[in-house]
Amino acid sequence: MSSILTEEPGPRGQRRIQIANWISVAAIIALLAYAIWRFWQAGEFEAERYEQLIAFGEEWPQFVISGLGYTIRAAVTAMVLATIIGFAMALGRLSLNPVTRWTSRIYVEFFRSIPVLLFILFAFLALQDLGLGFITPFWGLVIGLTAYNSAVLAEIFRAGILSLDKGQSEAASAIGLSYWQSMRLVILPQAVRRMTPAIVAQLATLTKDTSLGFVIGYQEVLRRSQVMGEGSPRNVLQAYFFAAVLYFIVVYGLSRVARRLERQQRKKYGAKRIEVAGGPEDLDAMGEEVDEDETREREPAVSR
Amino acid sequence: MDFIGFLIEFAPRYLNGFQRYVSLALFSFVIAFVIGVIIASFRVSPIPPLQRFGTAYVSVFRNTPLLVLLFLFFFGGPKLGLTFSPYATTVLVLGLYTGAYLGETIRSGINAVSKGQAEAARAIGLGFTQVLGFIVVPQALRTVVGPIGNLFIANAKNTALGLTIGYAELTSVAQTLANREARTVEAYLSAAFIYATSLLIVGGLFGLIEKQVAIKR
């Protein structure tokens, strides 16, 4: 599509594109220069504000970077728990028993509509009041993230299972496999393959959300960078920027993996992308280039 | 555990929080929508610097936690001479953040519009902006009504982060009441109930709109 919009501009069009090129480069540079100048004026580029950050081997960068360990620990624990509960809920939603079906449906619909932050506050503060005194900030964060992500993952699993041809489960029962046998031997091996990109993308989202542990005082990257920033010398902005870079590296990495997996699958099986509300919105999104292959694949078979 | 009773008892407080939550959700989404259309057009434009800017924008805003962005703007804005209230900062950052997602969604919609449409538009002599504005984007938007609805809901839920920089929206009201009344469970359940009901209704509405206008591809 994007190629058609601009295909082979004439001489005048080319000239205009040239001019627009220069103007936009100038505008972008001017914006950056202005921002840098203002930050300079505000003294944000003073060397002492950065010494803390680049003194590797010293205390502070270590302190913040080791927060990454806490971030990852919370993300992995929540992901494992959310996967288990999400899978159970997906099976529940596909169950033939109406009570199970509706219970899991209500769970999924409600839990998807509540902010993660509210879950985290509830898990940390309200559950303590309910007599679960063992809830540390770590468990508050993990329970909050699990509650929300299990609902999203349930939808991803359900979409994955439903995306298989009905013939698969019919054939499985025709050769005498029980429900669990056909799940384990026929349905899941195929469904999991299709779901992997969406699951990895959800892991990226979940990793971003671990930053909400900040609110309940969990010692992850953001909280630790705040501690660094508010100490002396005061460099809050640099500290948060440092945190942003750390998060970016992890989350961008995961997004790239998700995207690569998705492409592989599309090439191999022509599998459709699994999209669910509240889940990763558009996996293609991370890409630098729109390759023409992709564009062509999305063309409808019949044009109107 | 009687959260309905609690909700009724503190109805004015919750109503106030609800209004603030709605206002954050709506205004930030308007900004996000404008940014989304602009970023999507940048990314399909023939101008390389704008394409790169669009790509960089999307990667940065999608791969950094919203809370971190919020803090960077809240503390960095004043250094740039842009001092906004917590409300305005929340609206702006939510708009910028959701705008990156919307930009990608709209771009995927643009890629799904059949080539013949743009070819025909070019054949009758429309320029790039005209082709995009009159022909392609309107159809693209109709293709992605569903995903746009999901983003609206995601954005509405993200308004809860306003509390971290001191804006008293719905979650913050719940937090205050939980502390003051020492009835944490009821206070948070009430807020959760309001979020869930309002967003389930919004989800249903988007479903109806989708049925009316969506182009199946």
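In this predicted model, the last part of the story makes a good starting point: A:Val221, A:Leu222, A:Arg223, A:Arg224, A:Ser225, A:Met228 and A:Gly229 are the buried residues of α10(A). Helix α10 of chain A spans residues 221-230, and with 7 of its 10 residues buried it is mostly covered. Two arginines, A:Arg223 and A:Arg224, are among the buried positions, alongside residues such as A:Val221 and A:Leu222.

Turning to chain B, the secondary structure is pleasantly simple to describe: 10 helices and 0 strands. Read from the N terminus, the order of elements is α-α-α-α-α-α-α-α-α-α. The C-alpha atoms of this chain fill a box of roughly 70 × 45 × 25 Å along the principal axes. Of the 217 residues in chain B, 50% are buried. Contacts within chain B often span the sequence: among those between residues at least 6 apart, 76% join residues at least 24 apart.

The two chains also meet each other, with 61 residues of chain B in contact with 62 residues of chain A. On the chain B side, at least two residues each come from α3 (48-62), α4 (66-76), α5 (86-112), α6 (115-123), α7 (128-143), α8 (145-158), α9 (170-181) and α10 (184-213). The most is given by α10(B), which supplies 9 residues to the side that touches chain A. By residue class, this side of chain B comprises 38 nonpolar, 16 polar and 7 charged residues.

Key:
Residues numbered from 1 in each chain as written. Chains lettered and ligands numbered in written order. Predicted model: local features only at pLDDT ≥ 70, side-chain atom pairs only at ≥ 80, totals over all residues. Helix = DSSP H or I, 4+ residues; strand = E, 2+ residues; numbered from the N terminus. Buried ≥ 20, exposed ≤ 12 C-beta atoms within 10 Å, placed from the backbone. Contact = placed C-beta atoms within 7 Å. Nonpolar A, V, L, I, M, F, W, Y, C, P; charged D, E, K, R; others polar.
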